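Subject: Model handover

Hello,

Here is the model you asked about. My notes on the sheets, a helix and the voids follow below it.

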Amino acid sequence: MRKAKVIYGWLLTCLLLVGAPAQAGAPIVAAASDLQFALTEAAEQFQQETGHALRLNFGSSGNFRRQIAQGAPFELYLSADERYVQALYEEGYTQDEGVIYAIGRLVWLQRAGRGDLPNEETPLEAVQTALEAGATERIALANPEHAPYGVAAQQALEHAGLWEQTEPLRILGENVSQAAQFALSDDARGGLVAYSLALAPTLGERSEYVLIPEEWHSPLRQRMVLTNQAGDIATAFYQWLQEDEGQSILRNYGFNAE
């Protein structure tokens with residue numbers, strides 16, 4: 001991290017001398033939707049310190065991986081699955097292999113006040129109970145085809161022996177943020193989503209959750225990388241996220257360091 005601190009300090013000095021650019025000219029960041037609240041807070045703090053804004057785009061990591069390969073103008077890419085970053089590096093679209101910025105966690109999320117939140121030993125008991133009762137309430141998760149948290153959700157359901165049984169009840173979000181919205185809808189029993197979203201104040205005040213054991217799914221190793229289009233502002237933010245202040249914000253949203 002010492003090298004990162006030196007580079008970041010040099011870039012920060014240069015940026016402060018240049019002055020704040022207009023929002024329209026701000027670098028575009030592609031970020032996994034589990035970062036919706038954490039990265040927004042981080043970007044706001046970065047702007048307060050440097051005067052430089054960032055344009056944040058949130059979505060599924062797999063879709064962003066494809067868009068970057070197709071020439072999308074993203075300067076910084078934060079993926080919820082490091083394999084997408086590694087693939088882009090091997091194909092020549094990034095400056096290097098990037099760095100792990102966080103390890104994500106999966107939770108069972110449901111509407112607050114139901115009075116039947118499962119415990120940590122049997123976090124998917126609500127799903128089993130719903131199946132046994134013949135309930136029609138939906139089970140939300142992100143689409144496993146392109147969303148890392150959807151893959152983790154599928155693995156957790158498979159671990160519990162519930163994947164095939166839940167097929168009629170599953171509702172898929174385009175990304176994990178949309179899955180969280182589905183999980184809290186009136187016709188849903190709940191859903192498997194990112195811990196970081198459950199900790200966000202806007203969701204936390206109307207929901208409750210229980211963590212899914214980490215051994216129930218593959219590790220959510222989240223990697224970020226600068227693309228070949230990255231400029232000084234994106235590079236400075238990339239370094240800032242690796243510093244204590246950036247890491248502290250991520251920890252507040254449940255992300256663990258590697």
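**Helix 4 and its surroundings**

Gly92 comes after helix 4 and has a positive phi, near 90 degrees. Helices (H or I, at least four residues) and strands (E, at least two) are DSSP runs, numbered from the N terminus. The model is predicted, so local features need pLDDT of at least 70 and side-chain atom pairs count only at pLDDT 80 or more, while totals for chains, interfaces and linings use all residues. Residues are numbered from 1 along each chain as its sequence is written, and side-chain values use heavy atoms, with hydrogens and water left out.

Helix 4 covers residues 82-90. Its buried residues are Glu82, Tyr84, Val85, Ala87 and Leu88. Buried means under 20% relative accessible area, exposed over 50%, and partly exposed in between (1.4 Å probe, protein chains only). What do the buried residues of helix 4 pack against? Two helices are on the list: helix 3 (61-69) and helix 6 (148-159). So are strand 3 (74-78), strand 4 (99-104) and strand 10 (220-226). Contact here means heavy atoms within 4.5 Å.

**Sheet 2-1-3-10-4**

Strands 3, 10 and 4 also belong to an open sheet of five strands. The order is 2-1-3-10-4, and the pairing is mixed. Two strands pair if DSSP finds at least two bridges between them. Strand 2 (55-59) and strand 4 are at the edges. Each has a single partner strand, so one side of each has no neighbour in the sheet. Neighbouring strands are turned by 25 degrees against each other on average, direction ignored. For such angles, axes are lines fitted to C-alpha atoms (for helices, over the stretch in contact), and angles run from 0 to 180 degrees between N-to-C directions.

Strand 1 (residues 28-32) pairs with strand 3 in the parallel sense, over four bridges. Ala30 stands opposite Tyr77 of strand 3.

**Sheet 7-6-8-5-9**

Another open sheet of five strands has the order 7-6-8-5-9, again with mixed pairing. Its edges are strand 7 (170-173) and strand 9 (207-211). Each edge strand has a single partner, so one of its sides is left without a neighbour in the sheet. The average turn between neighbouring strands of this sheet is 25 degrees, direction ignored.

Strand 5 (residues 106-111) is mostly covered. Five of its six residues are buried. It pairs antiparallel with strand 8 (residues 188-194) over four bridges. Leu106 has Ala194 as its bridge partner in strand 8, and Val107 has Val193. Strand 5 also runs antiparallel to strand 9, joined by five bridges. There, Arg111 has Ser207 as its bridge partner. In a regular strand the side chains alternate between the two faces of the sheet.

Leu211 is in strand 9. Which residues does Leu211 touch, beyond those up to four places away in sequence? They are Arg105, Leu106, Val107, Pro123 and Tyr195. Pro123 is 88 residues from Leu211 in sequence, yet their C-alpha atoms are 7.1 Å apart.

**Cavities and the largest pocket**

The search ran on a 1 Å grid over the protein atoms alone. A cavity is a set of points where a 1.4 Å probe fits but cannot get out. A pocket is an open set with protein on both sides within 12 Å along at least five of seven lines. Lining residues have an atom within 4 Å of a point. Points are joined across faces, edges and corners, and a volume is the space filled by probe spheres set on the points.

How many cavities of 30 Å³ or more does the whole structure hold? Two.

- The largest cavity holds about 60 Å³. Its lining includes Asp34, Ser60, Tyr149 and Asn175. The split is six nonpolar, five polar and one charged.
- The second largest cavity holds about 30 Å³. Leu35, Leu39, Leu78, Tyr101, Met224, Leu241 and Leu250 line it. Seven are nonpolar, with no polar and no charged residues.

In these splits, Ala, Val, Leu, Ile, Met, Phe, Trp, Tyr, Cys and Pro count as nonpolar, Asp, Glu, Lys and Arg as charged, and the others, Gly among them, as polar.

The largest pocket holds about 150 Å³. Helix 4, helix 6 and strand 10 each supply at least two lining residues. Helix 6 gives the most, with four. Among the lining residues are Glu82, Arg83, Gln155 and Arg221. The lining divides into six nonpolar, two polar and four charged.

Best regards
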